[in-house]
Protein chains: 2
Amino acid sequence: MITADNLPETTRDGKFDLVAYLKAKQQLCEAALEKALPMQYPETIYEAMRYSLLAGGKRLRPILCLATTEMLGGTTDMAMPTACALEMIHTMSLIHDDLPAMDNDDYRRGKLTNHKVYGEDIAILAGDGLLAYAFEYIAAQTQNVPPQQVLQVIAKLGKAVGAAGLVGGQVVDLESEGKSDTSLKTLNYIHRHKTGALLEICVVSGGVLAGGTPEDLQRLSAYAQNIGLAFQIIDDILDITATQEKLGKSIGKDQQAQKVTYPSLWGIEESKKQAEQLIAEACAQLKPFGEKAQPLLALGHFIVSRDR
Amino acid sequence: MITADNLPETTRDGKFDLVAYLKAKQQLCEAALEKALPMQYPETIYEAMRYSLLAGGKRLRPILCLATTEMLGGTTDMAMPTACALEMIHTMSLIHDDLPAMDNDDYRRGKLTNHKVYGEDIAILAGDGLLAYAFEYIAAQTQNVPPQQVLQVIAKLGKAVGAAGLVGGQVVDLESEGKSDTSLKTLNYIHRHKTGALLEICVVSGGVLAGGTPEDLQRLSAYAQNIGLAFQIIDDILDITATQEKLGKSIGKDQQAQKVTYPSLWGIEESKKQAEQLIAEACAQLKPFGEKAQPLLALGHFIVSRDR
C-alpha cells in the first residue's frame with residue numbers, strides 16, 4: 001500500500017517520476033477526502049457534497065499544497081487538512097459556478113452537475129456547506145503546526161476565495177460576458193483572481209504551514225501566479241481544440257458566450273508561447289530550493305503540456 | 001460619542017437599562033461593520049455585500065457575542081472581529097435563503113432582497129464572499145486573544161454554519177415543506193440548526209474568546225439553545241399575528257407554504273408559555289455569573305417579548 005512515506009516518486013535510474021508521484025499523491029488525497037466527509041444526517045446534503053467532492057479529478061490543488069510543504073521540509077500530515085480544504089473550496093466554486101444563474105452547465109467532469117442531480121436549492125447549500133467546512137477542517141484538524149501559522153493560512157485562504165479573490169474574479173468575468181472589447185488588463189484580472197488566487201493559496205498555504213520565510217512565500221506566490229496564468233491560457237486553448245470526450249464538459253462555451261480569451265487576443269501559437277514563457281519564469285523562482293523543488297517544477301511543466 | 005468604555009447601560013437609579021445598552025452596542029456594531037467592508041474594486045460585489053450587511057437590523061447576534069465576552073471579563077475589542085463575522089454569516093444565510101431557488105422572497109427588512117437588486121448570480125457570489133470574508137476577518141483581525149482560542153472559534157463557527165448546523169437545518173426545513181405530518185422532533189431539529197446553531201456560536205464564541213472554562217461554555221450553550229428555540233417559537237407566533245408593516249417582510253409565509261410550526265402544533269397560548277419557560281431555563285444557566293450576567297439575562301427576556 002502506498003503511504004506518505006514510501007511514495008514511488010523516483011524511477012530506477014533516480015530520475016523524478018511525475019506520473020508515479022501524481023498517482024500516489026492523488027490516492028492519498030482521495031483517501032483523506034473520503035475520510036474528511038463521511039455520510040451522516042441529514043443525508044441529502046452530505047450526499048450532495050460528497051457527490052461533487054468525490055467526483056475524481058486530478059486533485060492538482062491539494063497536491064500543490066502537499067508538494068510545497070514537503071519542499072520546505074514539512075510533512076504530508078501537517079498539510080493534509082489544508083489540502084483537503086482547498087479541494088472542498090475548489091469544489092464549492094464549481095458547484096456554484098455551474099448553477100443556472102451562473103454558467104448554467106449540465107455536465108462537469110463527465111457527470112451531471114450538482115444542481116442537475118439534487119436541485120438548485122441543495123446545490124447552493126452544498127456549496128455553502130463545503131465552504132464553511134473547509135475553514136472548520138483546517139482549524140480543527142491541523143496538527144503539529146504553530147496555531148499562529150494556521151491562522152495565517154485561514155486568513156490568506158479567506159482572502160483568496162472572497163471578493164478580493166475568486167469571487168471578485170467571477171464577478172468581473174460575468175460583467176465582461178458578451179463584450180468583445182474586454183482589455184488584456186481586465187482579462188488578466190479575471191484569471192489572476194478566478195483561477196489564480198486559489199492556485200496561489202494552494203502553494204502559499206503549503207509554505208506557511210512549513211514555516212517558510214517571507215522570501216520563500218514571495219517566491220511561491222510568483223511561481224503560482226505564473227503557473228495560474230499559464231494554466232488559464234492552456235484552458236482557453238483546450239476550449240477551442242479539445243474534444244468533448246477528452247474534457248468531459250461542453251466545448252467551445254467561451255466562443256458561444258462570445259468571451260474574449262487569450263487565443264482570441266493572441267492566436268493559438270502565440271498563446272502557447274506565452275504560456276511556456278510563464279512556466280519558465282515560474283520555475284526560475286524555485287531555483288533557491290534546489291533538488292527539493294523537483295515536484296513543483298515537474299508540476300509546472302505538466303500543467304502546460306496537459307491534454308495536448 | 002458613545003465608545004466601548006462609556007456605555008450608558010445603567011439608568012440613574014443603577015438599574016440595568018437594556019434599551020440604552022442595545023442602542024449603544026448597535027452603534028458600535030454598525031461602525032465596526034462599516035469599517036470592516038469598505039468599497040473597492042470590483043465595486044458590484046462590494047456594493048451587493050454592503051447592501052445586505054449594512055441594511056440595519058437589531059444586530060442581536062454580534063451583541064450576544066460582545067455581551068458574553070464582557071460577562072467573562074473580556075473586552076469589546078477582543079470580540080469585535082468575531083461579532084462582525086457573525087453578522088456577515090447571518091447576512092449571507094439571509095441572502096441565499098431569499099433566492100428564487102430557496103424561499104423566493106422579494107423583501108427583507110423592508111428592502112428589496114439582494115437578488116432583486118443585483119441579480120441571482122451576484123447574490124450567490126455576495127453570499128459566498130461574505131462567508132469567506134467572515135473567516136478571514138476573524139483570523140486576520142482578532143487581537144489580544146491566544147491564537148489557539150481563535151482557532152477554536154473558527155472551528156466551532158464553521159461547524160455551526162455548515163451541514164452539521166445552519167445548512168443542515170435549512171435542508172431538513174426544505175424537505176419538510178408541504179408536509180403536514182412533520183414531527184416535533186424534526187421541527188426541533190430544524191430550528192436547533194437553522195436558527196439555534198448560529199445563536200449558540202454567538203454566545204459560545206464570546207465565551208471562548210474570553211477564555212471561558214469548559215463548564216462556562218456548557219452553560220453558555222444551554223442558555224443559547226433555549227434562547228434560540230424560544231426565539232423561533234416567537235417568530236412562528238409573529239408570522240401569524242404581526243402586520244407586514246411591523247416586520248417588513250411578507251407575512252403568513254409559513255401558512256402559505258403549509259409548514260408545520262410550533263403554534264400549529266401547540267396553539268398560540270401554549271406556544272407563548274413554552275417560550276417563556278425556555279427563557280426561564282436559559283436564564284437559570286447564567287446564575288453562577290452573578291451581576292455580570294445582566295445584559296444576557298435582559299436579552300433573553302427581550303427576545304421573548306419583542307414586537308408584542
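A:Pro147 comes closest to the rotation axis among the residues of chain A, with its C-alpha at 2.8 Å. This is a predicted model, in which local features need pLDDT of at least 70, side-chain atom pairs count only at pLDDT 80 or more, and totals for chains, interfaces and linings use all residues. Residues are numbered from 1 along each chain as its sequence is written, while chains are lettered from A and ligands numbered from 1 in the order in which they are written.

**Symmetry**
- A turn of 180° and a shift of 0.0 Å along the axis lay chain A on chain B with an RMSD of 0.0 Å (least squares on the C-alpha atoms of residues with pLDDT of at least 70 in both).
- That is the relation of a two-fold axis.

**Where the chains meet**
- 41 residues of chain A are in contact with 41 residues of chain B (C-beta atoms, placed from the backbone, within 7 Å).
- On the side of chain A that touches chain B, H6(A) gives the most, with 14 residues (helices are DSSP runs of H or I, at least four residues, numbered from the N terminus).
- By class, that side of chain A has 27 nonpolar, 8 polar and 6 charged residues (nonpolar: Ala, Val, Leu, Ile, Met, Phe, Trp, Tyr, Cys and Pro; charged: Asp, Glu, Lys and Arg; polar: the others, Gly among them).
- The copies meet through the same surface, because 100% of the interface residues of chain A are also interface residues in chain B.

**Helix H2 of chain A**
- Among the buried residues of H2 (residues 43–53) are A:Tyr46, A:Met49 and A:Leu53 (buried: 20 or more other C-beta atoms within 10 Å of its own, placed from the backbone).
- The buried residues of H2(A) pack against H1, H4, H5 and H6 of chain A together with H8 of chain B.

How values were computed: Buried ≥ 20, exposed ≤ 12 C-beta atoms within 10 Å, placed from the backbone. Helix = DSSP H or I, 4+ residues; strand = E, 2+ residues; numbered from the N terminus. Contact = placed C-beta atoms within 7 Å.
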